[in-house]
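Colleague: Please put the model up, and I will ask about its overall build, one sheet and one helix.

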Amino acid sequence: MAQPVLGILTLYLSDRRGIEDKPVYEKMIEEGRRLGMNVFVFTPDDVDDVNARINAMIYKPETKSWHRKWVRFPNLIYDRCRIQRSKRFDRLLAFRRKYGHLAFLNRPLRNKWTVYRTLGKVAAFRDHLPATRLYQSADDVTGLLRKHTLVYVKPINGTGGRGILRIERLASGAYSLQGRDLNRRIVQPRRVTREQLPAAIRSWNMHGNRYIAQQGLHIKLPSGRVHDYRMLVQKNGSGEWEVTGCAGRVGPPRSITSNLHGGGEAVSMNTLLRQWIDDEDQLSQIRETAEKLGIGVARHLESTYGALCELALDLAIDRRGRVWLLEVNPKPAREVFIQAGEKETYKTAIRRPMEYALWLYGQRRAGRNKSSAGTSRTGGTGARPGTRTSPRLSSFPPLFGYDLRDSETP
Ligand SMILES: Nc1ncnc2c1ncn2[C@@H]1O[C@H](COP(=O)(O)OP(=O)(O)O)[C@@H](O)[C@H]1O
Ligand SMILES: [Mg+2]
């Protein structure tokens, strides 16, 4: 019987046609092979629409080498494309529209503001969501600062801690502003009076992006460095959501963000939690609450926006042990686990999407056999792009609109 075929969809980083995460894909391809699945990598620019074929990037584990080969469309697509400001990204959107009827493991998520509003409708999540507003004027920030001593202002499509401003109301009544610019450079703290605050907020260069203003959590450790947690939630080989792992991140000195690409360091979750919480029962309760939240959020976002196979949640846990959701990342990196010394979690994080793909393939075959009474149409090494399969399978919603957030922040 022909092997199932999984295509990992990515984007070239530039016209030089390099891709990111190659070492991760190599491991996934090896894992796929071990499971009896054929995995290749491609971008929308490798697709020949007319002849319905793909000039795929193929990895050979024996020789640890990559080569090109023309192949048919895969049975399943794992979309790893992250937001880019380029024509390539426009071509990705066109690809997703044209081939929206194919089987994707995951559909794009939305921007931070849309995701926040979607989650805010669910009572069970509300206690975990910091108060958030769409930034329309400096009043949105000063309004939040009347209630909260700390506010973060973030681009709704931002990634990696770029373009973020942190404003703290000090005991003296003055305000301290500090940030990371769009190139992720640290913007040094600056003090202003209440009267100067609106102008100081307006002077933050938003580069035409839309922003949210969000209640800030006090997550500075005794060392003065900020910290938070990265939780990876994935579908497993039985099609169920599971928490793969959760690791802590500590920002570099004088940084208002903890992102690894911004110089943050990964640490195990318990090491960090123990800095604030010394009761072991409370500690496991917090972990349980965080995990329940992670699974609940994944389920809810999937039911709202369509298929998903993994998500990473950025969580803050305050001194009292309350768990807060800072943002949801649809294209998670897994490096945090390696850096935190959690090798097994890292391996699981690589393996799970492959196991899930295989499970999904089996489900689809079973569904197709049932609905077409044994007249299987694909059979070969891949699916035909124009082929709609059983009604159940075409229930993946088509995707339109540009409120998509295909971003990831390690
Ligand atoms: N409301 C907040 N309170 C405290 N820290 C925050 C808040 N929002 C963001 N941060 C810090 O900034 C980092 C980046 O913010 P995040 O919302 O994850 O955006 P990005 O997509 O750029 O990663 C977080 O990992 C956290 O360290
Ligand atoms: Mg983040």
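The questions below go from the whole chain to a sheet and then to a helix.

Modeller: This is a predicted model, in which local features need pLDDT of at least 70, side-chain atom pairs count only at pLDDT 80 or more, and totals for chains, interfaces and linings use all residues. Residues are numbered from 1 along each chain as its sequence is written, while chains are lettered from A and ligands numbered from 1 in the order in which they are written.

Colleague: What is the radius of gyration of the protein chain?

Modeller: The radius is taken over C-alpha atoms, and the globule rule is 2.2 Å times the number of residues to the power 0.38. For 410 residues that rule gives 22 Å, and the protein chain comes close to it, so it is as compact as a globular protein of that length. The radius of gyration is 22 Å.

Colleague: In what order do the five strands of the open sheet lie?

Modeller: Helices (H or I, at least four residues) and strands (E, at least two) are DSSP runs, numbered from the N terminus, and two strands pair if DSSP finds at least two bridges between them. The pairing in this sheet is antiparallel. Strands S16 (265-268) and S18 (323-329) each pair on one side only, which makes them the edges. The order is S16-S15-S14-S17-S18.

Colleague: Which residue in S17 stands opposite Arg230?

Modeller: Strand S14 (residues 227-235) and strand S17 (residues 310-317) run antiparallel and are joined by six bridges. The residue opposite Arg230 is Asp314.

Colleague: Is Ala94 buried or exposed?

Modeller: A residue is buried if 20 or more other C-beta atoms, placed from the backbone, lie within 10 Å of its own, exposed if 12 or fewer, and partly exposed in between. Ala94 is found in helix H2 (residues 87-98), on the face turned away from the buried side, along with Lys87 and Arg97. Because Ala94 has 12 C-beta neighbours inside 10 Å, the residue counts as exposed.

Colleague: Why do the buried residues of H2 lie on the same side, and over what arc?

Modeller: The buried residues are Leu92, Phe95 and Arg96. The arc is that of the directions from the helix axis to the C-beta atoms. An α-helix has 3.6 residues a turn, so residues three or four places apart point the same way. These buried residues are on the same side of H2 because they cover an arc of only 95 degrees.
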